[in-house]
Amino acid sequence: WQNCIRVICADIGAAMCGLDEATLQDFEASRFGGFIHCAGLTRFEEHLRDELLQTNFAGTCNAYAVSTRLGIAKFHHISTAYVAGTTKMPFGSDDLDVDQGFNNPYEQTKFSAERYLHATPAQSAIIIYRPSIVVGGYPLGEGKTVSTVYTFLKAINFLRACYRRDSAKGRTTFSEHGVSEIDGILTLPIRVAANPLNGVNLITIDLVVDAVMKRIDTRTTTRGKHIETLQLTGKDILLDDFRDAFCKATNV
């Protein structure tokens, strides 16, 4: 697929993604078979609501406008399983607006993007993918995310570096709080408020990519607008097991 996919560097926050008419005409002449929209902001903080809205909602509107302008038959949109929000009822691929609330602005902006795609009158096939928490990245490419589960890995490595720097300078700030490192094993007495019997659902990036590639390789026979939604979930992992795996991987 490396020779079949063209990556477009553009600003999804701008109208028509900031692409000029000459570039659009060049892309139109290429007669692309599908448009994969996977750009987004995976952050959950309330103070980033406006940025999340601009990236995840307006960005989807702008990307779809480009796809429509180029006459592309399929628009592939990477959403999230968490558009289900706070609903306690079973939430399937045919569900969207079930009067749910949302835990954070990320969920809400991804929901709004899906609702826009359902409401737009444009005539094309739209495939929406709803992965759970996506992990992995090798050998497909380096993962540089600092959100979701990677937050904890980044935090552990950061605290290890701070402890080593503190010790090297003869300071005892970290050791006074119980932090130590013996033979590369870090003792880090921190507490995370969570129910250890709760779980998180993880899906590898490979499975998400495979799902998209399969739909790209499938001919669309339905005329006019057609929306297909795929729920992409992987393995449920208890927080207890999650903690143990992190500790093993990071020598904590």
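The exchange below goes through a predicted model of one protein chain.

Biologist: What should be known about the numbering and the confidence limits?
Modeller: Residues are numbered from 1 along each chain as its sequence is written, and side-chain values use heavy atoms, with hydrogens and water left out. The model is predicted, and local features need pLDDT of at least 70, side-chain atom pairs count only at pLDDT 80 or more, and totals for chains, interfaces and linings use all residues.

Biologist: How many helices and strands does the protein chain have?
Modeller: Both are DSSP runs numbered from the N terminus: helices are H or I with at least four residues, and strands are E with at least two. By that count, the protein chain has six helices and nine strands.

Biologist: What percentage of the residues in the protein chain is buried?
Modeller: Buried means under 20% relative accessible area, exposed means over 50%, and partly exposed is in between, with a 1.4 Å probe and protein chains only. The protein chain has 252 residues, and the buried share is 34%.

Biologist: What percentage of the contacts with a separation of 6 or more joins residues 24 or more positions apart?
Modeller: A contact means heavy atoms within 4.5 Å. Among the contacts in the protein chain with a separation of 6 or more, the share from residues 24 or more positions apart is 75%.

Biologist: In what order do the strands of the four-strand open sheet stand?
Modeller: Two strands pair if DSSP finds at least two bridges between them. The pairing in this sheet is parallel. The edge strands, each pairing on one side only, are β1 (35–37) and β8 (226–232). The full order is β1-β2-β3-β8.

Biologist: Which residue in β8 is the bridge partner of I127?
Modeller: Strand β3 covers residues 125–131, and seven bridges join it to β8, with the two running parallel. The partner of I127 in β8 is E228.

Biologist: At about what angle does helix α5 run to β2?
Modeller: Axes are lines fitted to C-alpha atoms, for helices over the stretch in contact, and angles run from 0 to 180 degrees between N-to-C directions. Helix α5 (residues 205–216) lies across β1, β2 (74–78), β3 and β8. Helix α5 also lies across β4 and β7, at about 55 degrees to β7. Its angle to β2 is about 170 degrees.

Biologist: Why is one side of β4 and of β9 left without a neighbour in the sheet?
Modeller: Strands of a sheet pair through backbone hydrogen bonds, either parallel or antiparallel. The open sheet of three strands has mixed pairing and the order β4-β7-β9. One side of β4 (133–135) and of β9 (235–238) has no neighbour because each stands at an edge, with a single partner strand.

Biologist: Which residue in β9 is the bridge partner of N201?
Modeller: Strand β7 (residues 199–204) and β9 run antiparallel and are joined by four bridges. In the same strand β9, K235 stands opposite L202. The partner of N201 is D236.

Biologist: Which residue in β7 is the bridge partner of V135?
Modeller: Three bridges join β4 to β7, and these strands run parallel. The partner of V135 in β7 is T204.

Biologist: What is the relative accessible area of V134?
Modeller: V134 is found in strand β4. V134 touches Y150, I203, T204, I205 and V208, not counting residues up to four places away in sequence. V134 is partly exposed, and its relative accessible area is 30%.
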